[in-house]
Amino acid sequence: MLIFAEALDVAAEGAVWYARRIGGGTFEAVHVPSKSTDTGIHARWFDFTGGEPRLDVRPPGSDPMEVVLGKVAELRGNDAGVVVTVVLPEQFRKRSLLAAAQRAQFRLKLRLLTEPGVVVADVPAVTSERRPEGHTPDRLILRVLAGAPDERTKRAIEYAQGLPGVEELRALHFGSRDWEDSELGIPVDDAPLNGRLGDSILAEVRKLTADPATAVNVVLPERVDVGLRRLRGPRAVAIKRCLLFEPHVILSSVPTRA
């Protein structure tokens, strides 16, 4: 597991909490300096984490894409079957999709989705605070978005089942279905599809995060066209758009490559 930290802020605080929960206490973190970087981030990170893990600060001018892909290769080693979760804390001052799409992390996410054996986990925060707040959830639950018992959904469930530190794992399906829970191997919650899928997902997720002590990891099975380096269809984009700025929501994209 790898955190790509742009700053030590509220989003990074949530990312460290999440990584410790699902990483079995072990993960790595890397930082690439930019023009607006806090020059004291290495020392502050050490104080915040208690020294574990240390923040790997790369030289100014390093290419973030190359740094992250290099770290992924290190974590995977010689085992091509290892799945590496890259955690991307993203802090926004306001809910602006335009601003989010212009950030370097947006391009990094698109690139990582085409990298075999990588799952991208977004940990967002919307606040003007520049430092960690000292508030993190106590409980982590998982919901796998299940449109059908297909290869993509089963792969996402397999990934979710391998994560430690999770108190509850269930699938979430919207609208009617003609298949049984047993086809996925985990309990499936049925929810109404009222209007747009994104709005329906948001309504169900907010029922869970109404408890301030609970964080929800929404696991999204995603199909990616490797040749075109883009998402296949608007469904995944719509889901990401509606969850991007939600507090206490982590969105994990588990891609299946076409």
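**Notebook: fold, helix 1 and two buried residues**

I began with burial across the chain, and I noted that buried residues make up 47% of its 258 residues. The model I am reading is a predicted one, so I keep these entries to what can be computed from it.

**Overall form.** I counted 8 helices and 11 strands in the chain. I then looked up the radius of gyration, which is 18 Å for the chain, and this agrees with the value near 18 Å that a compact globule of 258 residues would have. The box filled by the C-alpha atoms, taken along the principal axes, is roughly 55 × 40 × 35 Å. When I took the contacts between residues at least 6 apart in sequence, 76% of them turned out to join residues at least 24 apart.

**Surface and charge.** The chain exposes about 12,300 Å², and carbon and sulfur atoms supply 50% of that area. I also looked up the charges, of which 35 are positive and 35 negative, and their mean positions lie 6 Å apart.

**Helix 1.** I checked the length of helix 1 (residues 10–22) next: at 1.5 Å a residue its 13 residues should span 18 Å, and the end C-alpha atoms are 19 Å apart, which agrees. Is this helix enclosed or open? Because 11 of its 13 residues are buried, I recorded helix 1 as largely enclosed by the rest of the structure. The buried residues include Val-10, Glu-13, Gly-14, Trp-17, Tyr-18 and Ile-22.

**Asn-217.** I found Asn-217 in strand 9 (residues 214–225), where this residue is buried with a relative accessible area of 0%. Which residues does Asn-217 touch, not counting those up to four places away in sequence? I listed Tyr-18, Leu-140, Ile-141, Leu-142, Arg-143, Leu-163, Ile-250, Leu-251 and Ser-252. Tyr-18 in this list ties the entry back to helix 1, where Tyr-18 is itself among the buried residues.

**Glu-115.** I then turned to Glu-115, which lies in the loop between helix 5 (104–112) and strand 5 (118–126). Its relative accessible area is 18%, and because buried means under 20%, I entered Glu-115 as buried. Leaving aside neighbours within four places in sequence, I noted contacts of Glu-115 with Leu-69, Arg-76 and Arg-257. Finally I looked up the separation of Glu-115 from Gly-14, and the two are 101 residues apart in sequence and 25 Å apart in space, C-alpha to C-alpha.

Note on methods. Residues numbered from 1 in each chain as written. Predicted model: local features only at pLDDT ≥ 70, side-chain atom pairs only at ≥ 80, totals over all residues. Heavy atoms only, no water. Helix = DSSP H or I, 4+ residues; strand = E, 2+ residues; numbered from the N terminus. Rg over C-alpha atoms; globule rule 2.2 N^0.38 Å. Buried < 20%, exposed > 50% of the residue type's maximum accessible area, 1.4 Å probe, protein only. Contact = heavy atoms within 4.5 Å. Areas by Shrake-Rupley, 256 points an atom, 1.4 Å probe, with all protein chains shown as cover. Lys, Arg positive; Asp, Glu negative; His and termini not counted. Charge placed at Lys NZ, Arg CZ, Asp CG, Glu CD. Expected span 1.5 Å × (residues − 1).
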